[in-house]
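Biologist: I would like a close look at one part of this model, the cysteines and what surrounds them. Please take the part first and then set it in the whole.

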Amino acid sequence: MRPTGGWTYQSDTEILFPMRVAPALGDLRGKGWRDVVERACHAVDGSADQLAFSLLLIRLSGCLTCHTDSYRGMRGCTACASTVIRRYRGDDSELLALFQRALEDVSVYLEQSEAAAAG
């Protein structure tokens, strides 16, 4: 019998990149990357740093096109994210620039949301 309602056979698979996977990614690149991972892991839940880190991994890993029957979905989020970071073809400075871009995107979104809620 096949599970339904969002349940998967792979207990490590979620709809979008889960922050619980972030600590497993710290040693996959150089010191700059490790610093970004530590920054995100030690940030307050729901902070701009955590949201930006998740957005970065969602973009790099293609979470929006993943589903439970896909190869990525069957492997799980930890294996998928680890593979994506290990195989990233740019150097660490490019990866850090992508994090900065995600941080800017999150900040703009949060500012717009606060402005819309205020008036």
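How many disulfides does a search of the whole structure find? Please also describe the setting of the cysteines in the fold.

Modeller: The search of the whole structure finds zero disulfides. This is a predicted model, and the answer holds for the coordinates as predicted. The pair to look at is C66 and C80. C66 forms no disulfide because the closest cysteine sulfur, that of C80, is 6.3 Å away, too far for a bond; a disulfide would need the two sulfur atoms within 2.5 Å. Seen from the other side, C80 is also in no disulfide, and its nearest cysteine sulfur is that of C66.

The two cysteines are not equally covered. C66 has a relative accessible area of 25%, so it is partly exposed. C80, at 12% relative accessibility, counts as buried, the limit for that class being under 20%.

C80 is one of the buried residues of helix 4, which are C77, C80, A81, S82, T83, V84 and I85. A further cysteine, C77, is therefore in the buried set of this helix, where buried is under 20% relative accessible area. The buried residues of helix 4 pack against helix 1, helix 2, helix 3 (71-75) and helix 5.

Helix 4 (77-87) also gives two or more residues to the largest nonpolar core, as do helix 1 (31-42), helix 2 (48-61) and helix 5 (92-118). That core has 24 residues. Those with the most contacts inside it are F17, L25, W33, F53, L57 and F99. F17 offers a route from the core back to helix 4, since one of the residues it touches beyond four places in sequence is A81, itself among the buried residues of helix 4. The other contacts of F17 at that separation are A22, L25, F53, S54, L57, I58 and C63, so a cysteine appears in this list too, contact being heavy atoms within 4.5 Å. F17 also joins W33 and F53 in one aromatic cluster. The structure holds two aromatic pairs.

On another side of helix 4 is helix 5, which has 27 residues. From its first C-alpha to its last, helix 5 reaches 39 Å, close to the 39 Å expected at 1.5 Å a residue. L95, F99, A102, L103 and V106 are buried in helix 5, and F99 is also among the core residues with the most contacts. What covers the buried residues of helix 5 includes helix 1, helix 2 and helix 4. S93, also in helix 5, has 48% relative accessibility and counts as partly exposed. Between S93 and P23, 70 residues apart in sequence, the C-alpha distance is 20 Å.

The loop between helix 2 and helix 3 holds L64. L64 is a leucine that counts as exposed, at 71% relative accessibility. Beyond four places in sequence, L64 touches L16 and I58; I58 is also a contact of F17. L28 is 36 residues from L64 in sequence and 23 Å from it, C-alpha to C-alpha.

H42 gives an exposed position in helix 1. Its relative accessible area is 63%. H42 and E104 are 62 residues apart in sequence, with 19 Å between their C-alpha atoms.

As for the whole, the secondary structure comes to five helices and zero strands, in the order α-α-α-α-α from the N terminus. Along its principal axes, the C-alpha trace spans about 50 × 40 × 25 Å. Of the 119 residues, 36% count as buried. Among contacts between residues at least 6 apart in sequence, 64% join residues at least 24 apart.

Confidence bears on how far to read this. The average pLDDT is 90, and 92% of the residues score at least 70. Residues 1-8 stay under 50, and the model has eight contacts for them beyond four places in sequence. Where pLDDT is low, the predicted coordinates should not be read in detail.

Key:
Residues are numbered from 1 along each chain as its sequence is written. This is a predicted model: local features need pLDDT of at least 70, side-chain atom pairs count only at pLDDT 80 or more; totals for chains, interfaces and linings use all residues. Side-chain values use heavy atoms; hydrogens and water are left out. A nonpolar core is a set of buried Ala, Val, Leu, Ile, Met, Phe, Trp, Tyr and Cys residues joined through side-chain atoms within 4.5 Å. Buried means under 20% relative accessible area, exposed over 50%, partly exposed in between (1.4 Å probe, protein chains only). Helices (H or I, at least four residues) and strands (E, at least two) are DSSP runs, numbered from the N terminus. pLDDT is the predictor's confidence in each residue, from 0 to 100. Rings of Phe, Tyr and Trp (its six-membered ring) pair if their centres lie within 6.5 Å; planes under 30 degrees apart count as stacked, over 60 as edge-to-face and the rest as tilted. The expected span of a helix is 1.5 Å times one less than its number of residues.
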